[in-house]
Protein chains: 2
Amino acid sequence: MTDLATAVIAGDRPALARAITLVESTHDADRDLALALIQRLMPASGGALRVGVSGAPGSGKSTMIEALGVALVDAGRRVGVLTIDPTSARSGGSVLGDKTRMEELSRRDDAYIRPSPSGRTLGGVARRTREAMLVVEAWGADVVLIETVGVGQSEIAVAGMVDQFLLLISPGGGDELQGIKRGVMELADVIVVNKHDGELHAAAEQSRAEYAAAAHLMRPRHEGLSTPVLLASALKRIGLNEVWDAIEGRHGFLAADGRLARLRSAQASDWLWSEVREGLLAEVEADPKASAIAKLREAHVADGTAFPPRVAREIVEAFLDRK
Amino acid sequence: MTDLATAVIAGDRPALARAITLVESTHDADRDLALALIQRLMPASGGALRVGVSGAPGSGKSTMIEALGVALVDAGRRVGVLTIDPTSARSGGSVLGDKTRMEELSRRDDAYIRPSPSGRTLGGVARRTREAMLVVEAWGADVVLIETVGVGQSEIAVAGMVDQFLLLISPGGGDELQGIKRGVMELADVIVVNKHDGELHAAAEQSRAEYAAAAHLMRPRHEGLSTPVLLASALKRIGLNEVWDAIEGRHGFLAADGRLARLRSAQASDWLWSEVREGLLAEVEADPKASAIAKLREAHVADGTAFPPRVAREIVEAFLDRK
């Protein structure tokens, strides 16, 4: 692990790929090695501007990420691109798919693109993606873009690990089609209405005005920093400087006044206790007595006849009794 | 406890008050009795339409709750009114304050108003409020209104225990004043712009149009059921029938197609596992070895030098070693 860590920190690409493969592994033995590896990489991590990118299917996330990535690499940055997609185990072809979708970026030495790890649960996929982010930072990435494929709570998971959250909007077709998933809109640091080109040019401007009005009705993500709503075309590479300037400007502002440090500190602390809870829960589920009680009583809880705090106590006491 | 439970189910008001006082107690011995009591009351609980009421300070929540409560009692319903206010331990005068604010309702036999339990944490206050709700239902309430005083995450806590979530809006003064806390707007089942009377009449209509437009841009809380945005004056008791019809109509619709049952089932199940996690966490925090490691390592986690999943494993292993 020491050799692998050293190679990653030295910027070695094959070492980076091996390290992330290890981190994504679901085998218990690999997990121990991965924990040791990442601990060694921690001092070299944390140096990137971390940006989450979300939006409804068809809003142009991949095109936008590639466009931003290419511009950033051309400007001398080193860029990591990750994806959270809890359905990826089922889609099968996502490895090839990603490389074809971001072909131009994938050919740049200073860009590293990784498709989503597969996984049974969102929590597991999110954790592995977060760990891959630390590894990519140790490799030298100074920008990390994390795409969410917008399934369920994946946006909230991504918001918990990034510095800035970019929400991409497709100009309004029907309102129903546009429906932003509950809770996503007010996670956003920067909102971008895409496809400001060709026949959607006017529709994009109309959507921008609507989203700006809606954003105005909500408390912004950070006090005193209103949420910009911008126009862009990822396809035609228009407006991308303004998008990036908005992201980087906010990031600099929050870094300067200490709020970025507090955000990251809170994110790390939440991650710690979330892992403690999940670790304990896994032990309870693996405990024969406790899990027997859970199975027996869960239906009564669900139908309202058993009182949840009391059943919880039964489960915890059965678990602790084993000592 | 059997006698107390019987008296509550028989509709005895003093018994109801004693039961809730027991539930709110923070003494460990009382906790055991409270768990036993509520388990006995469970079969008689669950029969109310549960409505959360939220809104910025000054939006008129207490006036609205009293107005709705009086109308419901006059229509033959039995109404419980609860409050979640995690700051209540500090405000001291909230008991008197509530009775003065809802004087008319407090004089009705078929209404029961309880101020917020005090508590150190939101989680504790929310749990005690939820348990009080079960007790009030066993007493015979067929409507329960739960007010959130809008501090931090209390809206999310309330949304996790009610059937319908009502968001009250004050007509827009400055936009900054209006700022709806992140995440609250899209929790709403029904949005009501209040103070549609006197000098705010026109402003209320303008706000209604803005919120209707914003609600249209978001996925509704339940697929296929758009989020109504209504006008009312709690003070002049105008528009309240429409508000209640909207709430009750949605409730009936969701009850009929099974979604209400699924919502309550999921809420109860989430409560169970949340209590299991918190119970386990409390045991870890009380464990000398595990809490020593946590104290030692937390600062390293917060500053990004220690890897949270690894520290989590250290804490869990130290805890389990005690057996």
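**Exercise 1. Describe how α15(A) packs on α13(B).**

Step 1. Helix α15 (residues 308-320) of chain A packs against helix α13 (residues 259-286) of chain B at about 40°, and their axes lie 8 Å apart. Axes are lines fitted to C-alpha atoms, for helices over the stretch in contact, and angles run from 0 to 180 degrees between N-to-C directions. Helices are DSSP runs (H or I, at least four residues), numbered from the N terminus.

Step 2. Classify the angle. Under 35 degrees is roughly parallel, over 145 roughly antiparallel, 65 to 115 roughly perpendicular, and the rest oblique. So α15(A) and α13(B) are oblique to each other.

Step 3. The crossing of α15(A) and α13(B) is right-handed. That is, the near helix is turned clockwise from the far one by less than a right angle; anticlockwise would be left-handed.

Step 4. Sort the contact residues. By class, the contact of α15(A) with α13(B) has 14 nonpolar, no polar and 2 charged residues. Nonpolar covers Ala, Val, Leu, Ile, Met, Phe, Trp, Tyr, Cys and Pro; charged covers Asp, Glu, Lys and Arg; the others, Gly among them, are polar.

The model is predicted: local features need pLDDT of at least 70, side-chain atom pairs count only at pLDDT 80 or more, and totals for chains, interfaces and linings use all residues. Residues are numbered from 1 along each chain as its sequence is written, chains are lettered from A and ligands numbered from 1 in the order written, and side-chain values use heavy atoms, without hydrogens or water.

**Exercise 2. Repeat the analysis for α3(B) and α8(B).**

Step 1. Helix α3 (residues 28-41) and helix α8 (residues 122-139) of chain B pack at about 40°, with axes 10 Å apart. They are therefore oblique.

Step 2. Their crossing is left-handed.

Step 3. List the contacts (heavy atoms within 4.5 Å). Arg31(B), Ile38(B) and Leu41(B) of α3(B) meet Arg127(B), Glu131(B), Leu134(B), Val135(B) and Ala138(B) of α8(B). These divide into 5 nonpolar, no polar and 3 charged residues.

**Exercise 3. Place Val8(B) in a nonpolar core.**

Step 1. A nonpolar core is a set of buried Ala, Val, Leu, Ile, Met, Phe, Trp, Tyr and Cys residues joined through side-chain atoms within 4.5 Å. Buried means under 20% relative accessible area (1.4 Å probe, protein chains only).

Step 2. The largest core has 109 residues, and Val8(B) is among those with the most contacts inside it.

Step 3. Beyond its neighbours within four places in sequence, Val8(B) touches residues including Leu41(B), Val135(B) and Ala138(B).

How values were computed. Helix = DSSP H or I, 4+ residues; strand = E, 2+ residues; numbered from the N terminus. Buried < 20%, exposed > 50% of the residue type's maximum accessible area, 1.4 Å probe, protein only.
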